[in-house]
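Thank you all for coming; I would like to take a few minutes to walk through a structure that will be new to most of you. Please keep the sequence and the view in front of you as I speak.

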Amino acid sequence: FADQSVEGSFVLPWNGRAYELELDISWDSAANVGVSVGRSSDGTRHTKVGKYGDELYVDRGPSDLAGYSLSPYTRAAAPIEAGARSVHLRIFVDTQSVEVFVNAGHTVISQQVHFTEGDTGISLYSDGGSANFSGITVKEFTEYI
């Protein structure tokens, strides 16, 4: 994928159920930057992986499926320097989990998810300023459980 400068949201032209996503994100003034995985086509369901303030986070979007309540454990977070202006993410996604390796494994965050059949999109986001997304690669897993 080509590098992207984003302020707001940008949907990548890709869909898949099990994959590895790797990218670098850099920003100057943006308050909240990251990537949404397991995004539904209308954008109402997603799992955000990003940086806000002094935290890296994996934040699951709401589930509308009976028996799949995400409350109260909807967010996993780990500390990062509040003044950081770049991050390297390596994200493994399948139908029930998101594993995030930050800055070559310096920090690892994991979250259980409940993606539905159509939750296959990826989008990039930046709030409060623009961010640069570079080195974007997606490797699809051909076999998964």
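**Salt bridges and a cavity**

Let me begin with arginine 90, which is partly exposed, its relative accessible area being 35%. I should say at once that we are looking at a predicted model, and the values I quote are computed from it.

What does the side chain of arginine 90 meet in a salt bridge? The partner is glutamate 20, with a distance of 2.6 Å from N to O. Because arginine 90 belongs to strand β7, residues 86-93, while glutamate 20 belongs to strand β2, residues 19-27, this pair ties together parts that are 70 residues apart in sequence. Glutamate 20, for its part, counts as buried, since its relative accessibility is 6% and the cut-off for buried is under 20%.

The count of salt bridges in this model comes to four, and another of them joins aspartate 119 to arginine 45, where the closest N and O atoms are 2.8 Å apart. Here the partners sit in loops: aspartate 119 is in the loop between β9 (107-112) and β10 (121-140), and arginine 45 is in the loop between β3 (32-39) and β4 (47-52), so the pair ties together parts that are 74 residues apart in sequence. Is aspartate 119 buried or exposed? At 4% relative accessibility, aspartate 119 counts as buried, and arginine 45, at 18%, counts as buried too.

Next, please find arginine 75, which forms a salt bridge with aspartate 59, the closest N and O atoms lying 3.9 Å apart. Arginine 75 is in strand β6, residues 75-79, and aspartate 59 is in strand β5, residues 55-60, so this pair ties together parts that are 16 residues apart in sequence. Arginine 75 is partly exposed at 39% relative accessible area, and aspartate 59 is also partly exposed, at 25%. These two residues, together with Glu55, are linked in a network of salt bridges.

Finally, let me turn to empty space. There are two cavities of 30 Å³ or more, and the second largest has a volume of about 40 Å³. Which residues line this second largest cavity? They are Gly16, Arg17, Tyr19, Gly38, Val93, Asp94, Phe115, Asp119 and Thr120, and by type they divide into three nonpolar, three polar and three charged. Asp119 therefore appears twice in this talk, as a buried residue and as part of that lining.

Note on methods. Residues numbered from 1 in each chain as written. Predicted model: local features only at pLDDT ≥ 70, side-chain atom pairs only at ≥ 80, totals over all residues. Heavy atoms only, no water. 1 Å grid on protein atoms, 1.4 Å probe; cavity = no way out; pocket = protein on both sides within 12 Å on 5 of 7 lines; lining within 4 Å. Points joined across faces, edges and corners; volume = space filled by probe spheres on them. Nonpolar A, V, L, I, M, F, W, Y, C, P; charged D, E, K, R; others polar. Helix = DSSP H or I, 4+ residues; strand = E, 2+ residues; numbered from the N terminus. Buried < 20%, exposed > 50% of the residue type's maximum accessible area, 1.4 Å probe, protein only.
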